[in-house]
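Please look over the chain shown below before reading the report. The notes deal with a sheet, its strands and a few individual residues.

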Amino acid sequence: AQCISTQVGCRMGCDFCASTKSGLIRNLTAAEMLREIYEIENKLNIKVSNFILMGSGEPLDNFDEVIRFIKILHDEKGHNTSYRNITISTCGVADKIYELADLNIPINLAVSLHQTNDFERSSLMPINKRYNLKELKDSLEYYVNKTNNRITFEYTLIRNQNDNDKNVEEIYDFAKNIKCNINLIPLNPIDEFDEKRPSKFEIIEFKTKLEKKGFNVTIRRELGKDISASCGQLRRKVEVK
């Protein structure tokens, strides 16, 4: 799968994310997003079939160009990619989730959750001050009821912050009525967010507790951590030199 950026930078301000540290520079056009694909395909002589909009930027903050992009990506005269092979990842822009639901495009939707109560999530993810967990939950229930699509919750595990039994119970209360998967992501530390990831044992233990609550849970396989190649890290390292 290829990870697609939708903006140069990001204005969402999530504490643990390297992409947002210099703010939003500008939105990318649909053509620029498509060029990300064709540059890779031409240079590596491959055909990419799966795409996830989870690079730099918040896709739903560039809504019109992102929708234009995925429609061209899907069109048989464009890239001819199945909608089912396209995923949009959002930090929780609830009003745009309603709009996306009303379009009823059969893509995949991933939501960055990362914390389980409003106080903690707002301190980690400023978007929660605009759309709290109740508003986000309402928009996701609307989305699932409208599209019958399954949501993937992305959950970055941070040691002693969101990896305890209370978090398991709060995830259950939030997501028990939403058709979903949960994808656990061990924290990629960055210079501006000096927190630690849980141990491998603690990650598996957290996964098991969620599974006992009835959730389908996966742990994200890591690629590029050793060379700071996770989202936004390389760009950030070049900028601050």
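The sections below describe a predicted model, moving from the sheet to selected residues.

## The sheet and its edges

Seven strands make up an open sheet, arranged in the order S1-S4-S5-S6-S7-S8-S9, and their pairing is parallel. The edges are formed by strand S1, residues 2-3, and strand S9, residues 216-219, each of which pairs on one side only. In general, the strands of a sheet pair through backbone hydrogen bonds, either parallel or antiparallel.

At the S9 edge, the neighbouring strand is S8, residues 180-186, which runs parallel to S9 and is joined to it by four bridges. Within this pairing, isoleucine 182 stands opposite valine 217 of S9.

## Strand S5 and its two neighbours

Strand S5, residues 86-90, is mostly covered, since five of its five residues are buried. Ile86, Ile88 and Thr90 point one way from the strand, whereas Thr87 and Ser89 point the other way, and all of them are buried. This can be read against the general pattern that in a regular strand the side chains alternate between the two faces of the sheet.

On one side, S4 runs parallel to S5 and is joined to it by three bridges, with isoleucine 52 having threonine 87 of S5 as its bridge partner. Four bridges join S5 to S6, again in a parallel arrangement, and here isoleucine 88 has leucine 109 of S6 as its bridge partner. Both connections pass through a helix: S4, helix H2 (residues 63-74) and S5 make a right-handed β-α-β unit, and S5, helix H3 (residues 94-103) and S6 likewise make a right-handed β-α-β unit.

## A loop serine and its contacts

Serine 5 lies in the loop that runs between S1 and strand S2, residues 7-9. A polar atom of the serine 5 side chain is placed 2.9 Å from the backbone nitrogen of serine 56. Leaving aside residues up to four places away in sequence, serine 5 touches Leu28, Met33, Glu36, Gly55 and Ser56.

## Two residues with positive phi

Most residues other than glycine have a negative phi. Against that background, asparagine 45 has a positive phi of about 55° although it is not a glycine, and histidine 114, also not a glycine, has a positive phi of about 70°.

Both residues are found in loops, but is each one buried or exposed? Asparagine 45, in the loop between helix H1 (30-44) and strand S4 (51-53), has a relative accessible area of 72% and therefore counts as exposed, the cut-off being over 50%. Histidine 114, in the loop between strand S6 (108-112) and helix H4 (118-124), has a relative accessible area of 4% and is therefore buried, the cut-off being under 20%.

## Cysteines

The count of disulfides in the model comes to zero. Cysteine 14 takes part in no disulfide, and the nearest cysteine sulfur, belonging to cysteine 91, is 5.1 Å away. The cut-off for a disulfide is a pair of cysteine sulfur atoms within 2.5 Å, so that separation does not qualify.

As for accessibility, cysteine 14 has a relative accessible area of 9% and is buried, while cysteine 180 also counts as buried, with a relative accessibility of 8%.

Note on methods:
Residues are numbered from 1 along each chain as its sequence is written. This is a predicted model: local features need pLDDT of at least 70, side-chain atom pairs count only at pLDDT 80 or more; totals for chains, interfaces and linings use all residues. Side-chain values use heavy atoms; hydrogens and water are left out. Two strands pair if DSSP finds at least two bridges between them. Helices (H or I, at least four residues) and strands (E, at least two) are DSSP runs, numbered from the N terminus. Buried means under 20% relative accessible area, exposed over 50%, partly exposed in between (1.4 Å probe, protein chains only). A polar contact is a pair of N or O atoms within 3.5 Å; within protein, one must be able to donate a hydrogen and the other to accept it, and residues adjacent in sequence count only if both atoms are side-chain atoms. Contact means heavy atoms within 4.5 Å. A crossover is right-handed if, with the strands pointing away from the viewer, the path from the first strand over the helix to the second runs clockwise.
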